[in-house]
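Let's take a friendly walk through a protein model together. Keep the sequence and the 3D view at hand as you read.

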Amino acid sequence: MKQIPRADELGLLACHACSLVVERATAPMHCPRCHTRLHGRRPASVQRSAAFLLAALVLYIPANLLPVMFTSRLGSGEASTILTGVIEFWHAGAWDIALIIFTASVAVPCSKFLVLGLLLVSAGTHSRWAQVERARLYRFVELIGYWSMLDVLVVAIVAALVQFHALSYVEPRVGILFFGMVVIFTMLSAMSFDPRLIWDTQDHDK
Amino acid sequence: MNTFRELVVCEHCDHVYRRVALQRGDVVRCSVCGAILYRAEKLSIDQRLALAVAAAVLFVLVNVCPVMQIGLGGQHNAATLWQAVLALGQGAAAPIALPAAAAAVIVPGLQIMLLLWVLSFARARRSAPGLAWCLRVLGHLRPWSMMEVCLFAALVAIVKLSGFLQVTPEPGIWAVGGLTLLIPLLTGSDVYWLWGLLNEPEETSA
């Protein structure tokens, strides 16, 4: 395992679009096969990823405090936030749906904050700690990231269907905008992070 | 510039391997970080093109057929994915309708169109005009394609509403379900062999 060389040490790099392996040169390079601009590492990976993560964290506050949906039934209306929606399902006995929504809207975004924060700090300090596990965590975050869009689409479908004017109607509220932005920003943060940084234990800036 | 077609670099950790010939269904993983390096083609071009055509048909159905219908006191309401997205576009949360439309309909549609274009030329062992651009765009679109999230959102909405309304699934939900299976199959990492159709300037490869 130790003797497998890294592209960086061999003076090689792979095109991140078509994965062709080419010899590294000093001048700005383009892939000879697909003409994509070549980089050894994603440019300013840690800074970009951290900026997106911070934006997502800030937006997560209004996403949870503001109502995401307004339901009117026979004249009486109530606004619900993400958490009150989960609690309602729980009390109504639909614990399975409560669990799905809780996972998609609370557990997934929160674990993304923690994991990306951990990856950014450990990559910033060129740590050799738990590299295999951190690599696996990164792939996990990439895999689960977009499932948080679930709540946005549920609100969309419910609001489109429940349109019975005086009897009953459902409207989206501004909280769902903030929540959707949290999902998009955490996805951008994960995409900007270069997982090769986990293995770059010597300082280098390419 | 020297290129090395016989080598492959792990995207996740930068370790370099020599490519080996694969049997159908084989997957090669990086022995350092465990990420998938490359995999054997599961389907022939004909099969892939046939599935892309099937996906296009299902996509048309997703655009025009309602995913479900609800009834309340003799009134009925049905909604397609587009109507769901438009419902988000009303009120203060309106900007989120744009990414929701992209994730639910526009991105999957673009993926299917680009695949049909690229594959119909690949069938004749030719590289489609703009192949590099198409493949690069397909790579960028992949994380934003959320048909499977739509399916789950529809199922959650069914359970959510069935408490106080009559809910009936409509044909659209089967089309969404079909695309949930087809899109990941068609756009998975094993379309990377398509890059091989690009003409590369003939140069020495060491």
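We will go from strands to cores, then to cavities, and end with three single residues.

This is a predicted model, in which local features need pLDDT of at least 70, side-chain atom pairs count only at pLDDT 80 or more, and totals for chains, interfaces and linings use all residues. Residues are numbered from 1 along each chain as its sequence is written, chains are lettered from A and ligands numbered from 1 in the order in which they are written, and side-chain values use heavy atoms, with hydrogens and water left out.

Let's begin with the strands. Helices (H or I, at least four residues) and strands (E, at least two) are DSSP runs, numbered from the N terminus, and two strands pair if DSSP finds at least two bridges between them. In general, strands of a sheet pair through backbone hydrogen bonds, either parallel or antiparallel. Here, three strands make an open sheet in the order S1(A)-S2(A)-S1(B), with antiparallel pairing. Strand S1 (12-14) of chain A and strand S1 (3-4) of chain B stand at the edges with a single partner strand each, so one side of each has no neighbour in the sheet. Two bridges link strand S2 (residues 21-23) of chain A to S1(B) in the antiparallel sense, and Val22(A) stands opposite Thr3(B) there.

Now look further along chain A, where strand S5 (residues 69-73) runs antiparallel to strand S6 (residues 76-80), joined by five bridges. One facing pair is Ser72(A) and Gly77(A). S5(A) and S6(A) form a hairpin with two residues between them, and Leu74(A) in the turn has a positive phi of about 45 degrees.

Next comes the interior. In soluble globular proteins, nonpolar side chains tend to be buried together. A nonpolar core is a set of buried Ala, Val, Leu, Ile, Met, Phe, Trp, Tyr and Cys residues joined through side-chain atoms within 4.5 Å, and buried means under 20% relative accessible area, with exposed over 50% and partly exposed in between (1.4 Å probe, protein chains only). The largest nonpolar core has 138 residues, of which Cys34(A), Met68(B), Leu88(B) and Leu179(B) touch the most other members. Helix H3 (residues 97-122) of chain B gives the most to this core, 13 residues. Which residues is Leu179(B) in contact with, leaving aside its neighbours within four places in sequence? With contact meaning heavy atoms within 4.5 Å, they are Ala55(B), Leu58(B), Phe59(B), Val62(B), Ile112(B), Met147(B) and Pro184(B). A second, separate core of eight residues includes Ala7(A), Val21(A), Val9(B) and Val16(B).

What about the empty spaces? A cavity is a set of points, on a 1 Å grid over the protein atoms alone, where a 1.4 Å probe fits but cannot get out, and its lining residues have an atom within 4 Å of a point. Grid points are joined across faces, edges and corners, and a volume is the space filled by probe spheres set on the points. The structure holds three cavities of 30 Å³ or more. The largest has a volume of about 110 Å³. Its lining counts 13 residues, with Val68(A), Thr81(A), Gly85(A), Asp151(A) and Lys160(B) nearest its centre. H3(A) gives the most to this lining, four residues. The second largest cavity holds about 40 Å³ of space, and among the residues lining it are Leu12(A), Arg24(A), His39(A) and Asp14(B). S1(A), already met at a sheet edge, provides the largest share of that lining, three residues.

Finally, let's visit three single residues. Ser49(A) is found in helix H2 (residues 45-65) of chain A and is buried, with a relative accessible area of 0%. Leaving aside neighbours within four places in sequence, Ser49(A) is in contact with Leu120(A), Ser189(A), Ser192(A) and Phe193(A).

Ile173(B), in helix H6 (residues 171-187) of chain B, is buried at 8% relative accessible area. Ile173(B) and Cys65(B) are 108 residues apart in sequence, yet 8.4 Å apart in space, C-alpha to C-alpha.

Gly11(A) lies in the loop between H1 and S1 of chain A and, at 18% relative accessibility, counts as buried. Not counting residues up to four places away in sequence, Gly11(A) touches Val22(A), Glu23(A) and Arg24(A).

Terms used
1 Å grid on protein atoms, 1.4 Å probe; cavity = no way out; pocket = protein on both sides within 12 Å on 5 of 7 lines; lining within 4 Å.
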